[in-house]
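Visitor: I have a new model open and would like to learn how to read it feature by feature. Could you walk me through it?

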Amino acid sequence: MKNLRGLLLKRGVMALAMAAGGSAALLFGSTALAAVDIQVWTALNSHNQDEFERLVRDFNRSQSDVKVSVKAHDTEASLEQVLQAGKDLPNLVQLGEMSGLDEVADRPYIMPMHTLLAREKMDNVSWFLASNSFVRNGRGQLQGFPYMAEIPVMYYNLDAFDKAKIEPPVPSRVWLDLQAQLVDLANKGSRRCPLTSDQSVSINLENLAAVNNQIYGLAPGPKVKGKVGFDFDVMYIRHLSMMISWVKSELLVKPGTLPESPQRFAKGECAVMFSNSGHIGEYSDTRGLKYAVTGLPYYPEVTQTPGKPFVTGSALWAVKGHKAEQNQASARFISWLAQPENAARWYQKTGFLPVSREAFNATGNDYYKDKGDWMHLVGAYSSGTSGTAKGNFRNYRQIRAVFNQSLESALDGQQPAMTALRTAATQANRLVAQRGR
């Protein structure tokens, strides 16, 4: 803050000196210095966007040196289109992370977050995901501010489980046992939508590996031994075959795209949903919806103890090309967001993972009492080495699109699981082998 004031004071003195030979009114007018303006571009759902803008208003009211303005975009895809135009870029921008250190960090207009925050004292902030590769480079340095980090979870409607008289009224984390519960749910009140999802690749490929403690492909690297790329074995084939049967028997309403599935769950139409945790705040504020969360299912034949899902979501990235005073203003804003009280509020109001251990520790039991296993699921990421890195695959955005298309084809009944997965792996491995990202 001291450095920012110094820059502002210097700028003000220079302006007054230049005006000394002109109008005396400039010297005797208002002594207040104009705030440094910075802009943030986001692409959040409406609930989380409202909460972010409340925090921005509180920040702007808390001091007079920096003024933050927010430009909301409907989707991350629409935000990307505006970015590609390359005009009037913001100081901070929300961009999604896909695979370890994503290609976002390599974009010429991105400034590493650790560089932006180098002069900002944040002694009371201990990063929550410090041992995770999410938006960090190979040396563990922060590339983006992990403000919208999230994990996939299993949401369930408490009224639907009560109506079906399932005891205990919690979805099983064993896939085959969950299938039996879905049959009961379908027969006792949830016929229209026993289960839905908006995360087909995440649930059926990426986190099928992570939760079952299996390797999700081998990314190229100097220490990697063995054939790089993807090889979907029997576990994947059996799982996708079961998902195809669930779609045919209408236990699974075929995964839709945002925001269809989350909205159906919010309205109480679906008994169970696989989706990312960023809906938790919205659902907690939805009148009439009684819900809780638990972890994704696993196969006990593959692992005795389920592993942690991959961390996904998006981050706030710093953009190059701005004045030094604006960069310091951006750092000041990031530092304010990371303060324990503000970070805890964001975590509790959204369902994104806490950015600091202090925010997690500041969250009391009252917050968790109606949210099922949420505290345990989050706490698993609080310390220790994480096994949640997917690896830094080249062209992973294109690879993920290939996987999504293959899964859609299989779930539509157009091809069997084995064919779909082998085709997906072959196409993905060609992209892995290509140069560039």
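**Reading the fold**

Guide: Gladly. Of the 437 residues in the chain, 53% count as buried. Please keep in mind that this is a predicted model.

Visitor: How many helices and strands does the chain have?

Guide: There are 18 helices and ten strands. As for how the chain folds back on itself, take the contacts between residues at least 6 apart in sequence: 78% of these join residues at least 24 apart.

Visitor: Let us turn to sheets. What is the order of the strands in the open sheet of four?

Guide: The general idea comes first: strands of a sheet pair through backbone hydrogen bonds, and they do so either parallel or antiparallel. Here the order is β7-β8-β6-β9, and the pairing is mixed. At the edges sit β7 (195-197) and β9 (291-294), each of which pairs on one side only. From one strand to the next, the twist averages 25°.

Visitor: Do β6 and β8 run parallel or antiparallel?

Guide: Strands β6 (residues 152-157) and β8 (residues 272-276) run antiparallel, joined by five bridges. To find the register, look at Y156, whose bridge partner in β8 is V272. You can also see helix α8 (residues 200-211) lying across β6, β7 and β8, at about 125° to β6.

Visitor: Which way do β1 and β2 run relative to each other?

Guide: That pair is parallel, with seven bridges between β1 and β2. One place to check is T42, which stands opposite A72 in β2.

Visitor: Why is β1 described as largely enclosed?

Guide: Five of the seven residues of β1 are buried, so the rest of the structure largely encloses this strand.

Visitor: Now a helix. How does the span of α3 agree with what is expected?

Guide: Helix α3 (residues 46-62) has 17 residues, which at 1.5 Å a residue should span 24 Å; its end C-alpha atoms are 24 Å apart, so the two agree. At the start of α3, look for N45: one of its side-chain oxygens reaches to within 3.2 Å of the backbone nitrogen of H47.

Visitor: And which residues of α3 are buried?

Guide: A general point helps here: an α-helix has 3.6 residues a turn, so residues three or four places apart point the same way. In α3 the buried residues are H47, N48, Q49, E51, F52, L55, V56 and F59. They pack against β1 (36-42), β2 (66-72), β5 (145-150), α11 (280-284), α12 and α13 (340-350).

Visitor: I also noticed E325. Is E325 buried or exposed?

Guide: E325 counts as buried because its relative accessibility is 13%, under the 20% cut-off. This residue lies in helix α12 (residues 324-338). Its C-alpha atom is separated by 9.5 Å from that of D37, although E325 and D37 are 288 residues apart along the chain.

Visitor: Finally, which cysteines does the disulfide join?

Guide: In general, a disulfide is a covalent bond between the sulfur atoms of two cysteines. The structure holds one, and it joins C193 to C270, with 2.1 Å from S to S. The pair links distant parts of the chain, 77 residues apart: C193 is in the loop between α7 (175-187) and β7, and C270 in the loop between α10 (260-266) and β8. The link of C193 and C270 is right-handed, with 90° about the S-S bond.

Visitor: Are these two cysteines, C193 and C270, buried or exposed?

Guide: C193 counts as buried, at 0% relative accessibility. C270 is buried too, with a relative accessible area of 1%.

Terms used: Residues numbered from 1 in each chain as written. Predicted model: local features only at pLDDT ≥ 70, side-chain atom pairs only at ≥ 80, totals over all residues. Heavy atoms only, no water. Pairing = 2+ DSSP bridges. Helix = DSSP H or I, 4+ residues; strand = E, 2+ residues; numbered from the N terminus. Axes fitted to C-alpha atoms, helices over the stretch in contact; angles between N-to-C directions. Contact = heavy atoms within 4.5 Å. Buried < 20%, exposed > 50% of the residue type's maximum accessible area, 1.4 Å probe, protein only. Expected span 1.5 Å × (residues − 1). Polar contact = N/O pair within 3.5 Å; in protein donor to acceptor, adjacent residues only side chain to side chain. Disulfide = S-S within 2.5 Å.
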